[in-house]
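Visitor: I am new to this structure and would love a close look at a single part of it. Please pick a helix with its surroundings and walk me through what lies there.

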Amino acid sequence: MSVRWWQDECRVPDETARASAMQRNARLTKPAGALGRLEWVVQTLAGLQGRERPSLERIWIAVFAGDHGVAHEGVSAYPQSVTAQMLANFVEGGAAISVLAGQLGARLEVIDLGTVAALQPLPGVRHVALGAGTRNFTQGAAMSADVCEQALGAGHDSVMRACDAGTDLFIGGEMGIGNTTTAAALACALLGATPDRLVGPGTGLDVGGVAHKRAVIERALVRHAGAHDTLGWMQRLGGFEIAALTGAYIACAQQGLVALVDGFICSVAALCAVRLNPACRDWLLFAHRSAEPGHGAVLAALDARPLLDLDLRLGEGSGAALAVPLLRLACALHDAMATFDEAAVAVKNR
């Protein structure tokens, strides 16, 4: 791995495989375009996986957890102790993503990047421990450049483990009290947007709580104002788990592994990834449009059309996991439907 590995080249999708999938789709016993965007997604998967008939049997879900110093500003409806508590819940099977991973037969990897509450080693949790959460970004940079690069590397390493396991699809998830504030601050900085456009209730803030959250982000943006590059903004306003997700998405593209992006926080990480290495965009599919108001602006900046719109705002990678059965069914239709010749069905009159 090079020193600035996130700038290394990404794989190029296989246009021959994509064209073969398009040709097969044109011969299936249905009107042209009748399966709508499912046809597009299967053809895209074919190009990314390099095979006419894509498959999504082996799913890897990595949940990155870390605390945020900005939580001390009262921007969340929950105490920071929840982050550490949820790590145990993930591996004990009680969290939403744990249930979904079980239903999908997916491998669930839980990575502790650093929590405020001291943790004893938890069986089933990979402890990276970059610190007791980030620093409060209203008072200074959230993390050092070195720690930010370590967080990027944690995402890269998870993808390498996924590749070693023969994974067909990578899903990144996140956990960290205060991380919608961090994601919104980063999105404002990267998009040149104001907090009133992008800031939402996160885990359930009321109107007053949202207004306070906006004010906190406004203070941070003023404090850190300047012509920073993407890595600089991540260092100043980011979170451990957002940086790890950013590294994971870039690593997926470099290794030729399809990534399915979850909601608002993961999409902000995807935006960071694309700003750091634009070629990684080809390898990102987007699962759903979340209820957070800033998500639409981030999706628009990424030219992304998510598969689902269910008003979700849970995180953990749960929205992406919910989209997997849809993708699997799309692949099954493409693989198992008969062609007009096989079924002896007449083709459309010319």
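Guide: Happy to, and one pair of words comes first: a residue is buried when its relative accessible area is under 20%, exposed when this is over 50%, and partly exposed in between (1.4 Å probe, protein chains only). The model is predicted, so local features need pLDDT of at least 70 and side-chain atom pairs count only at pLDDT 80 or more, while totals for chains, interfaces and linings use all residues. Residues are numbered from 1 along each chain as its sequence is written, and side-chain values use heavy atoms, with hydrogens and water left out.

Our part is helix H13, residues 318-336, together with the loop that leads into it. Helices (H or I, at least four residues) and strands (E, at least two) are DSSP runs, numbered from the N terminus.

Let us begin in the loop between helix H12 (295-301) and H13, where Asp311 sits. With 59% relative accessibility, Asp311 counts as exposed because this is over 50%. Its phi is positive, about 60°, although Asp311 is not a glycine. Most residues other than glycine have a negative phi. Further on, in the loop between H12 and H13, comes Glu316, which the UniProt annotation "active site" (unreviewed entry) covers. UniProt positions are given in the numbering used here, feature names are shortened, and such annotations may be inferred rather than shown by experiment.

Is Glu316 buried or exposed? Its relative accessible area is 6%, so Glu316 is buried. Contact here means heavy atoms within 4.5 Å. Leaving aside neighbours within four places in sequence, Glu316 is in contact with Val63, Met86, Phe90, Ala95, Ala96, Ile97, Gly173, Glu174 and Asp262. With one of these residues there is a polar contact (a pair of N or O atoms within 3.5 Å; within protein, one must be able to donate a hydrogen and the other to accept it, and residues adjacent in sequence count only if both atoms are side-chain atoms): the side chain of Glu316 reaches the backbone nitrogen of Ile97 at 3.2 Å. Glu316 and Thr180 are 136 residues apart in sequence, and their C-alpha atoms are 12 Å apart in space.

Now for H13 itself. The expected span of a helix is 1.5 Å times one less than its number of residues. The 19 residues of H13 should therefore span 27 Å, and the end C-alpha atoms are 28 Å apart, which agrees. Along the way, H13 has a kink of about 25° at Val324, shortly before the proline Pro325. This bend is the angle between axes fitted to the seven residues ending at a residue and the seven starting there.

Which residues of H13 are buried? They are Ser318, Gly319, Ala320, Ala321, Ala323, Val324, Leu327, Ala330, Cys331 and His334. What covers them includes helix H1 (15-27), helix H2 (37-49), helix H4 (96-104), and the strands E1 (59-65), E4 (169-175) and E5 (258-261).

H2 deserves a moment of its own. This helix reaches 18 Å from its first C-alpha to its last, close to the 18 Å expected for its 13 residues. Of these 13 residues, 10 are buried, so H2 is largely enclosed by the rest of the structure. Among the buried ones are Val41, Val42, Leu45 and Leu48. The buried residues of H2 pack against H1, E5, E6 and H13. After H2 comes Gly50, with a positive phi near 70°.

Some of the names met so far also lead to the largest nonpolar core. Such a core is a set of buried Ala, Val, Leu, Ile, Met, Phe, Trp, Tyr and Cys residues joined through side-chain atoms within 4.5 Å. The largest one has 115 residues, and those with the most contacts inside it are Phe90, Phe170, Met234, Leu237, Tyr249 and Leu260. Phe90 is also on the contact list of Glu316. In soluble globular proteins, nonpolar side chains tend to be buried together.

Past H13, we can end in the segment after helix H14 (340-343), where Ala344 lies. Its relative accessible area is 70%, so Ala344 is exposed. Ala344 has a positive phi of about 55° although it is not a glycine.
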